Amino acid sequence: MVHSKVVIIGSGPAAHTAAIYLSRAELKPVLYEGMLANGTAAGGQLTTTTDIENFPGFPDGIGGGELMEQMRKQSIRFGTEVITETISRVDLSQRPFKLWTEWNDGPDNEPARTADAVIIATGANARRLNLPGEETYWQNGISACAVCDGAVPIFRNKPLYVIGGGDSAAEEAMFLAKYGSTVTVLVRRDKLRASKAMANRLLSHPKVNVRFNTVAVEVLGEQKPMGLMTHLRVKNTVTGEEETVDANGLFYAVGHDPATALVKGSVDLDEDGYILTKPGTSYTSLEGVFACGDVQDKRYRQAITSAGSGCMAALDAEKFIAEHESPEEPAPVTETEKSNTATEYKSNPLL
């Protein structure tokens, strides 16, 4: 069994920012990046994003996978141990905390590692609808983040669609209206779930059209490799009538699922399953366990805010470890040392 002062579970901007800060503080963090944990490659959601244009420091933009690879290299450069295994089980009932991986998880197996502090940065995954054509045109017309992708050239002055009926869908639609020629919101029911104020703003927006009782049934587009989405097939849920419409972008706003199964029952979660943290910190309800990134942020969900919260988690964990480290006990004084001290005291008139 191997012990570490701090273990980070995750592989996105929050996890690697925490790792960079902790390794520079010479705490020798261990980061478990997972192997397709929660169905996502190491690097998190950004690995499914082609171009990132709003992360500071890259005026020409950068690919999501490339950004995460650079963060990973920076973590390793400062001494982080990155392990490509998925943490499958944790015991947070007492310190040191215990962690098992998929490789050694078993009723009689010792944990793969113990830790004085754990940082949870497992993220959240956007819900998908599994429409025909979704896999083909994901990130080639389909996205789950308007703020992340809405301004890229393939969407400018083009007809765009949003699926969802809540506040998030309304916010995404109004953001996209800055770039698309038109924005159509597909609402499965006959009314919006959004707040009254948000619904009124959406319905009165000159570039936004809301289609009630309507669902998407298929995504269509170019057949060439890496072809782009060009059309969307929609269906009226009341009449059953289907039609194919011009659509160069489709944005899902149907929610996210935080990856919190690992710590459910150990730390407090909100009604949507996100880890609750003390406002302005990364502290969870359990001393020694910290959370950062999308696993505790259901409002912003941006790479830069995740990175910032990873910094917070690292500083909080560093402070926690410093406060709970047992000071080294002085070595016992030998009889010879006692004798020498007594002799020195007698022979020195100043003592």
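This is a short talk about a few features of one protein chain, and the model is a predicted one.

Okay, hi everyone. Let's begin with the sheets. Strands of a sheet pair through backbone hydrogen bonds, either parallel or antiparallel. This chain gives us an example of each kind.

The parallel example is an open sheet of five strands. Reading across, the order is β8-β15-β9-β10-β11. Notice that the numbers don't simply run upwards: β15 sits between β8 and β9 in that order. Which strands are at the edges? They are β8, residues 142–143, and β11, residues 208–212, and each of them pairs on one side only.

Now let's zoom in on one pair in there. Strand β9 covers residues 159–163, strand β15 covers 249–252, and the two run parallel with four bridges between them. If you want a spot to click on, try Leu160, which stands opposite Gly249 in β15. While you're there, look for helix α5, residues 167–176, which packs on this sheet. Helix α5 touches β9, β10, β11 and β15, and its direction makes about 170° with that of β9.

Just after β15 there's a glycine to look at. Gly255 is in the loop between β15 and β16. Is Gly255 buried or exposed? Neither, really: its relative accessibility is 28%, so Gly255 counts as partly exposed. Leaving out residues up to four places away in sequence, Gly255 touches Ala126 and Arg127. As for Phe97, that residue is 158 residues from Gly255 along the chain, and their C-alpha atoms are 32 Å apart.

On to the antiparallel example. Here we have an open sheet of three strands, in the order β12-β13-β14. The edges are β12, residues 214–221, and β14, residues 242–246; each has a single partner strand, so one side of each has no neighbour in the sheet. From one strand to the next, the twist averages 30°. β12 and β13, which is residues 229–236, pair in the antiparallel sense over seven bridges. The residue to click on this time is Val219, standing opposite Leu232 in β13.

Right, helices. I picked α2, residues 64–77. It has 14 residues and reaches 20 Å from its first C-alpha to its last, close to the 20 Å expected at 1.5 Å a residue. Which residues of α2 are buried? Those are Gly64, Leu67, Met68, Met71 and Ser75. Looking down the axis of α2, the buried residues fall within an arc of 95°, so they line one face of the helix. If the spacing of those numbers puzzles you, here's the background: an α-helix has 3.6 residues a turn, so residues three or four places apart point the same way.

So what is that buried face packing against? The buried residues of α2 pack against α1, residues 13–24. On the face turned away from the buried side, you'll find the exposed residues Lys73 and Arg77. After α2 comes Gly79, with a positive phi, near 115°.

One more helix residue, and this one is about distance along the chain. Ile304 lies in helix α7, residues 303–324. Ile304 is partly exposed, at 40% relative accessible area. Asn54 is 250 residues from Ile304 along the chain, yet their C-alpha atoms are separated by 8.5 Å. Ile304 also touches Phe55 and Pro56, again not counting residues up to four places away in sequence.

Last topic: cysteines. A disulfide is a covalent bond between the sulfur atoms of two cysteines. How many disulfides do we have? The count comes to one. Cys145 and Cys148 form it, with their sulfur atoms 2.1 Å apart. The link is right-handed, with 70° about the S-S bond. Its two ends sit on either side of the 20% cut-off for being buried: Cys145 is buried at 15% relative accessible area, while Cys148 is partly exposed at 27%.

And why isn't Cys311 bonded to Cys292? The sulfur of Cys311 is 10 Å from the closest cysteine sulfur, the one in Cys292, and that is too far for a bond. Cys292 is in no disulfide. Both are buried, though: Cys292 has a relative accessible area of 1%, and Cys311 has 17%.

That's my tour. Thanks for listening!

Technical notes:
Residues numbered from 1 in each chain as written. Predicted model: local features only at pLDDT ≥ 70, side-chain atom pairs only at ≥ 80, totals over all residues. Heavy atoms only, no water. Pairing = 2+ DSSP bridges. Contact = heavy atoms within 4.5 Å. Axes fitted to C-alpha atoms, helices over the stretch in contact; angles between N-to-C directions. Expected span 1.5 Å × (residues − 1). Buried < 20%, exposed > 50% of the residue type's maximum accessible area, 1.4 Å probe, protein only. Arc of directions from axis to C-beta. Disulfide = S-S within 2.5 Å.
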